[in-house]
Amino acid sequence: MDAHAQLDGLIQKLSNDTNSDSRELVPESVMHIAGQTGLQGWQIEARSLELGITPSRYKRNAQAMDATGQTQLLNSRVAVVGLGGLGGIAVETLARAGVGRIRAADHDSFEPSNLNRQALATMDTLSMTKAETARRRLSAINPSVAFEALAQQLTNESLDDFLRDADVVIDALGGLEMRLPLEQAAARNNIPMVSGALAGWTGYVAVVMPGQSGPAHFMGTDNAAEEWLGCPVTTVNVISSIMIHECIRLLCTGKSPLSGRMLIVDLNTLTQEIVTI
(Lines give C-alpha, C1' and ligand atoms only; values in the text may rest on other atoms or scores of the structure.)
Protein backbone atom coordinates (compact mmCIF):
# COMPACT_ATOMS: atom_id res chain seq x y z
CA MET A 1 0.00 0.00 0.00
CA ASP A 2 1.45 3.38 -0.97
CA ALA A 3 1.58 6.35 1.38
CA HIS A 4 -1.45 8.11 -0.13
CA ALA A 5 -3.61 5.02 0.11
CA GLN A 6 -2.45 4.43 3.69
CA LEU A 7 -3.37 7.98 4.66
CA ASP A 8 -6.79 7.79 3.02
CA GLY A 9 -7.44 4.45 4.67
CA LEU A 10 -6.57 5.74 8.13
CA ILE A 11 -8.75 8.83 7.67
CA GLN A 12 -11.68 6.75 6.45
CA LYS A 13 -11.31 4.25 9.27
CA LEU A 14 -10.90 6.70 12.14
CA SER A 15 -13.56 9.12 10.92
CA ASN A 16 -16.13 6.39 11.46
CA ASP A 17 -15.40 6.34 15.19
CA THR A 18 -17.12 9.67 15.85
CA ASN A 19 -20.58 9.85 17.38
CA SER A 20 -21.60 12.70 15.08
CA ASP A 21 -24.23 12.21 12.39
CA SER A 22 -21.84 13.60 9.78
CA ARG A 23 -18.42 12.22 9.04
CA GLU A 24 -15.80 13.98 11.13
CA LEU A 25 -12.21 13.51 12.15
CA VAL A 26 -11.56 14.37 15.80
CA PRO A 27 -8.25 15.98 16.88
CA GLU A 28 -7.10 12.84 18.70
CA SER A 29 -7.43 10.84 15.48
CA VAL A 30 -5.46 13.47 13.56
CA MET A 31 -2.59 13.14 16.04
CA HIS A 32 -2.80 9.34 15.85
CA ILE A 33 -2.55 9.42 12.06
CA ALA A 34 0.35 11.87 12.31
CA GLY A 35 2.18 9.38 14.51
CA GLN A 36 1.49 6.54 12.07
CA THR A 37 2.44 8.40 8.89
CA GLY A 38 4.96 11.06 9.92
CA LEU A 39 2.78 13.73 8.30
CA GLN A 40 1.90 17.01 9.98
CA GLY A 41 -1.60 17.54 11.28
CA TRP A 42 -2.47 20.27 8.79
CA GLN A 43 -1.63 17.92 5.91
CA ILE A 44 -3.91 15.23 7.33
CA GLU A 45 -6.76 17.67 7.89
CA ALA A 46 -6.43 19.09 4.37
CA ARG A 47 -6.66 15.60 2.90
CA SER A 48 -9.60 14.79 5.16
CA LEU A 49 -11.51 17.73 3.70
CA GLU A 50 -10.67 16.57 0.18
CA LEU A 51 -12.27 13.23 1.09
CA GLY A 52 -15.42 15.00 2.28
CA ILE A 53 -14.66 14.43 5.96
CA THR A 54 -14.68 17.50 8.21
CA PRO A 55 -12.03 17.81 10.91
CA SER A 56 -14.21 18.42 13.96
CA ARG A 57 -11.86 21.19 15.07
CA TYR A 58 -13.13 23.32 12.17
CA LYS A 59 -16.77 22.21 12.24
CA ARG A 60 -18.03 25.61 13.37
CA ASN A 61 -16.05 27.33 10.63
CA ALA A 62 -18.10 25.44 8.06
CA GLN A 63 -21.16 27.65 8.43
CA ALA A 64 -19.13 30.64 7.21
CA MET A 65 -16.43 28.94 5.12
CA ASP A 66 -16.76 26.05 2.69
CA ALA A 67 -14.40 23.08 2.52
CA THR A 68 -12.41 24.68 -0.28
CA GLY A 69 -11.71 27.75 1.83
CA GLN A 70 -10.75 25.70 4.87
CA THR A 71 -8.43 23.57 2.76
CA GLN A 72 -6.87 26.75 1.37
CA LEU A 73 -6.15 27.96 4.91
CA LEU A 74 -4.59 24.64 5.89
CA ASN A 75 -2.30 24.79 2.85
CA SER A 76 -1.28 28.40 3.53
CA ARG A 77 1.73 29.95 5.23
CA VAL A 78 1.63 33.26 7.11
CA ALA A 79 4.58 35.26 8.44
CA VAL A 80 3.88 37.34 11.56
CA VAL A 81 6.31 40.03 12.66
CA GLY A 82 5.80 40.83 16.33
CA LEU A 83 4.25 38.74 19.13
CA GLY A 84 3.07 41.47 21.46
CA GLY A 85 -0.45 42.89 21.67
CA LEU A 86 -1.43 42.60 18.00
CA GLY A 87 0.80 39.66 17.15
CA GLY A 88 -0.10 37.47 20.12
CA ILE A 89 -3.79 37.62 19.26
CA ALA A 90 -2.93 37.21 15.59
CA VAL A 91 -1.05 33.92 15.89
CA GLU A 92 -3.69 32.42 18.19
CA THR A 93 -6.50 33.45 15.84
CA LEU A 94 -4.67 32.10 12.80
CA ALA A 95 -4.11 28.77 14.57
CA ARG A 96 -7.74 28.48 15.64
CA ALA A 97 -8.89 29.33 12.12
CA GLY A 98 -6.72 26.55 10.71
CA VAL A 99 -3.84 28.25 8.91
CA GLY A 100 -1.46 25.34 8.45
CA ARG A 101 1.94 27.02 8.72
CA ILE A 102 2.83 30.10 10.74
CA ARG A 103 6.25 31.67 11.13
CA ALA A 104 6.64 34.42 13.75
CA ALA A 105 9.46 36.49 15.20
CA ASP A 106 9.90 38.63 18.31
CA HIS A 107 13.12 39.13 20.26
CA ASP A 108 11.38 40.46 23.38
CA SER A 109 10.32 38.88 26.68
CA PHE A 110 7.17 39.53 28.70
CA GLU A 111 7.15 42.14 31.45
CA PRO A 112 4.42 43.29 33.86
CA SER A 113 3.35 46.23 31.67
CA ASN A 114 2.25 43.73 28.99
CA LEU A 115 -0.40 42.14 31.23
CA ASN A 116 -3.07 44.73 30.43
CA ARG A 117 -3.41 43.81 26.76
CA GLN A 118 -1.18 41.03 25.44
CA ALA A 119 -3.00 37.71 25.14
CA LEU A 120 0.16 35.66 25.69
CA ALA A 121 1.19 37.61 28.81
CA THR A 122 0.25 35.96 32.12
CA MET A 123 1.79 35.83 35.56
CA ASP A 124 3.32 32.51 34.54
CA THR A 125 4.93 33.85 31.36
CA LEU A 126 6.59 36.97 32.78
CA SER A 127 10.28 37.04 31.78
CA MET A 128 9.71 34.27 29.21
CA THR A 129 10.45 35.06 25.59
CA LYS A 130 7.39 35.88 23.54
CA ALA A 131 8.49 33.40 20.89
CA GLU A 132 8.67 30.43 23.29
CA THR A 133 5.41 31.43 24.97
CA ALA A 134 3.68 31.58 21.60
CA ARG A 135 5.08 28.17 20.66
CA ARG A 136 3.68 26.58 23.82
CA ARG A 137 0.34 28.33 23.46
CA LEU A 138 -0.21 27.27 19.86
CA SER A 139 0.89 23.72 20.58
CA ALA A 140 -1.79 23.55 23.29
CA ILE A 141 -4.48 25.08 21.05
CA ASN A 142 -3.84 23.42 17.70
CA PRO A 143 -0.93 20.98 17.39
CA SER A 144 -1.87 20.44 13.74
CA VAL A 145 -0.32 23.83 12.94
CA ALA A 146 3.36 23.90 11.98
CA PHE A 147 4.49 26.88 14.05
CA GLU A 148 8.00 28.30 13.86
CA ALA A 149 8.83 31.00 16.41
CA LEU A 150 12.10 32.94 16.32
CA ALA A 151 13.29 34.77 19.42
CA GLN A 152 15.28 37.27 17.43
CA GLN A 153 15.06 40.81 16.16
CA LEU A 154 14.63 40.95 12.42
CA THR A 155 16.92 43.22 10.44
CA ASN A 156 16.97 44.58 6.92
CA GLU A 157 19.31 41.71 6.04
CA SER A 158 17.18 38.93 7.58
CA LEU A 159 13.70 40.01 6.44
CA ASP A 160 13.81 38.38 3.02
CA ASP A 161 14.72 34.98 4.45
CA PHE A 162 12.07 35.29 7.16
CA LEU A 163 9.34 36.04 4.61
CA ARG A 164 10.40 33.13 2.38
CA ASP A 165 7.42 31.23 0.93
CA ALA A 166 4.84 33.23 2.92
CA ASP A 167 1.44 33.82 1.34
CA VAL A 168 0.62 36.82 3.55
CA VAL A 169 2.68 38.96 5.93
CA ILE A 170 1.24 40.33 9.16
CA ASP A 171 2.85 43.57 10.34
CA ALA A 172 2.23 43.43 14.10
CA LEU A 173 5.29 45.45 15.06
CA GLY A 174 5.09 47.38 18.30
CA GLY A 175 7.01 50.39 16.98
CA LEU A 176 7.38 52.20 13.68
CA GLU A 177 11.11 51.92 12.97
CA MET A 178 11.02 48.61 11.08
CA ARG A 179 7.66 49.05 9.37
CA LEU A 180 8.97 50.58 6.16
CA PRO A 181 11.75 47.96 5.73
CA LEU A 182 9.13 45.23 6.32
CA GLU A 183 6.78 46.75 3.75
CA GLN A 184 9.63 46.98 1.24
CA ALA A 185 10.68 43.37 1.90
CA ALA A 186 7.11 42.15 1.37
CA ALA A 187 6.98 44.04 -1.93
CA ARG A 188 10.34 42.58 -3.06
CA ASN A 189 9.02 39.10 -2.38
CA ASN A 190 5.64 39.80 -4.02
CA ILE A 191 3.70 39.09 -0.81
CA PRO A 192 0.54 40.95 0.33
CA MET A 193 0.86 42.53 3.76
CA VAL A 194 -1.71 43.37 6.42
CA SER A 195 -0.61 46.18 8.72
CA GLY A 196 -2.18 47.49 11.91
CA ALA A 197 -1.38 49.93 14.68
CA LEU A 198 -3.14 51.80 17.47
CA ALA A 199 -2.87 54.57 20.01
CA GLY A 200 -5.47 54.96 22.74
CA TRP A 201 -8.97 54.22 21.47
CA THR A 202 -8.03 54.68 17.81
CA GLY A 203 -6.39 52.24 15.44
CA TYR A 204 -6.02 51.39 11.79
CA VAL A 205 -5.79 48.36 9.53
CA ALA A 206 -4.39 48.54 6.01
CA VAL A 207 -3.78 45.98 3.27
CA VAL A 208 -0.73 46.60 1.12
CA MET A 209 -0.52 44.60 -2.08
CA PRO A 210 2.89 44.28 -3.82
CA GLY A 211 3.72 47.55 -5.51
CA GLN A 212 1.34 49.65 -3.42
CA SER A 213 2.38 52.26 -0.87
CA GLY A 214 1.40 51.51 2.70
CA PRO A 215 1.06 53.43 5.97
CA ALA A 216 4.79 53.17 6.66
CA HIS A 217 5.45 55.64 3.84
CA PHE A 218 3.87 58.49 5.78
CA MET A 219 3.69 57.36 9.44
CA GLY A 220 7.35 58.05 10.15
CA THR A 221 9.24 56.42 13.03
CA ASP A 222 8.02 58.44 16.04
CA ASN A 223 6.18 56.26 18.59
CA ALA A 224 5.04 59.23 20.66
CA ALA A 225 1.31 58.81 19.98
CA GLU A 226 1.24 55.29 21.43
CA GLU A 227 3.27 56.39 24.44
CA TRP A 228 1.02 59.39 25.12
CA LEU A 229 -2.34 57.71 24.53
CA GLY A 230 -1.62 54.20 25.76
CA CYS A 231 -2.59 50.74 24.51
CA PRO A 232 -5.94 49.66 25.98
CA VAL A 233 -6.88 46.03 25.50
CA THR A 234 -10.15 46.64 23.67
CA THR A 235 -8.45 48.57 20.88
CA VAL A 236 -5.73 45.93 20.61
CA ASN A 237 -8.30 43.14 20.31
CA VAL A 238 -10.43 44.93 17.72
CA ILE A 239 -7.54 45.95 15.48
CA SER A 240 -5.88 42.53 15.62
CA SER A 241 -9.15 40.76 14.83
CA ILE A 242 -9.75 42.93 11.76
CA MET A 243 -6.18 42.33 10.63
CA ILE A 244 -6.60 38.56 10.77
CA HIS A 245 -10.01 38.71 9.12
CA GLU A 246 -8.41 40.45 6.15
CA CYS A 247 -5.52 37.98 6.20
CA ILE A 248 -7.96 35.06 6.00
CA ARG A 249 -9.82 36.82 3.18
CA LEU A 250 -6.56 37.23 1.26
CA LEU A 251 -5.61 33.58 1.78
CA CYS A 252 -9.00 32.35 0.58
CA THR A 253 -9.69 34.80 -2.26
CA GLY A 254 -6.50 36.74 -2.98
CA LYS A 255 -8.48 39.97 -2.58
CA SER A 256 -9.36 42.50 0.12
CA PRO A 257 -11.63 45.56 0.08
CA LEU A 258 -8.85 47.30 2.01
CA SER A 259 -6.30 46.84 -0.77
CA GLY A 260 -4.48 50.17 -1.04
CA ARG A 261 -6.75 51.58 1.65
CA MET A 262 -6.81 52.09 5.41
CA LEU A 263 -9.67 51.44 7.82
CA ILE A 264 -9.51 53.85 10.75
CA VAL A 265 -11.52 52.87 13.83
CA ASP A 266 -12.32 55.12 16.80
CA LEU A 267 -13.78 53.11 19.69
CA ASN A 268 -14.37 56.23 21.76
CA THR A 269 -16.90 57.61 19.25
CA LEU A 270 -17.78 54.24 17.70
CA THR A 271 -16.99 55.57 14.25
CA GLN A 272 -14.92 54.29 11.35
CA GLU A 273 -13.60 55.67 8.11
CA ILE A 274 -11.87 54.18 5.07
CA VAL A 275 -9.28 56.32 3.32
CA THR A 276 -7.17 55.65 0.24
CA ILE A 277 -3.45 55.47 0.92
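Which domains does the domain assignment of the protein chain give? Domain 1 covers 3-58 and domain 2 covers 71-276, with bounds that come from an automatic or database domain assignment.

Before selecting anything, note that this is a predicted model, in which local features need pLDDT of at least 70 and side-chain atom pairs count only at pLDDT 80 or more, while totals for chains, interfaces and linings use all residues. Residues are numbered from 1 along each chain as its sequence is written, and side-chain values use heavy atoms, with hydrogens and water left out.

**Stop 1: between the domains**

Colour 3-58 and 71-276 separately. Taken over C-alpha atoms, the centres of domain 1 and domain 2 are 31 Å apart. Now select the residues in contact, meaning heavy atoms within 4.5 Å: 11 residues of domain 1 touch 13 residues of domain 2. The two domains bury about 980 Å² between them, 59% of it on carbon and sulfur atoms. Buried area here is the accessible area (1.4 Å probe) that two parts lose on being put together, summed over both.

Show Trp42, Arg57 and Tyr58 as sticks; they supply 59% of the area that domain 1 buries against domain 2, more than any other three residues. There are zero salt bridges across this interface, a salt bridge being a side-chain nitrogen of Lys or Arg within 4 Å of a carboxyl oxygen of Asp or Glu. There are, however, five residue pairs in polar contact between domain 1 and domain 2, with both residues at pLDDT 80 or more. A polar contact is a pair of N or O atoms within 3.5 Å; within protein, one must be able to donate a hydrogen and the other to accept it, and residues adjacent in sequence count only if both atoms are side-chain atoms.

On the side of domain 1 that touches domain 2, the elements giving two or more residues are α2 (27-37) and α3 (41-50). Helices (H or I, at least four residues) and strands (E, at least two) are DSSP runs, numbered from the N terminus. Helix α3 gives the largest share of that side, six residues. By class, the side has six nonpolar, two polar and three charged residues. Ala, Val, Leu, Ile, Met, Phe, Trp, Tyr, Cys and Pro count as nonpolar, Asp, Glu, Lys and Arg as charged, and the others, Gly among them, as polar.

**Stop 2: helix α8**

Select residues 179-188, which form helix α8. Its buried residues are Arg179, Pro181, Leu182, Glu183, Ala185 and Ala186. Buried means under 20% relative accessible area, exposed over 50%, and partly exposed in between (1.4 Å probe, protein chains only). The elements that these buried residues pack against include β3 (77-81), β7 (193-199) and β8 (202-208). After α8 comes asparagine 190, with a positive phi near 60°.

**Stop 3: salt bridges**

The structure holds 15 salt bridges. Go to glutamate 92, which is buried at 14% relative accessible area. Which residues does it pair with? One is arginine 96, with the closest N and O atoms 3.1 Å apart. Both lie in helix α5 (residues 85-97), four residues apart, about one turn of the helix. Arginine 137 also meets glutamate 92 in a salt bridge (3.0 Å, N to O). Arginine 137 is in helix α6 (residues 130-141) and glutamate 92 in α5, so this pair ties together parts that are 45 residues apart in sequence. Arginine 96 is partly exposed at 45% relative accessibility, and arginine 137 is partly exposed at 36%.

Next select glutamate 246 and arginine 249, whose closest N and O atoms are 2.9 Å apart in a salt bridge. They sit three residues apart in helix α11 (residues 233-253), about one helical turn. Glutamate 246 is buried at 4%, whereas arginine 249 is partly exposed at 30%.

**Stop 4: along α11**

Stay in α11 and pick serine 240, which is buried at 0% relative accessible area. A polar atom of its side chain lies 3.5 Å from the backbone nitrogen of alanine 90. Beyond its neighbours within four places in sequence, serine 240 contacts Leu86, Ile89 and Ala90.

Finish at isoleucine 239, also in α11 and buried at 1%. Its C-alpha atom is 7.4 Å from that of alanine 197, 42 residues apart along the chain. Apart from neighbours within four places in sequence, the contacts of isoleucine 239 include Leu86, Ala197, Tyr204 and Val265.
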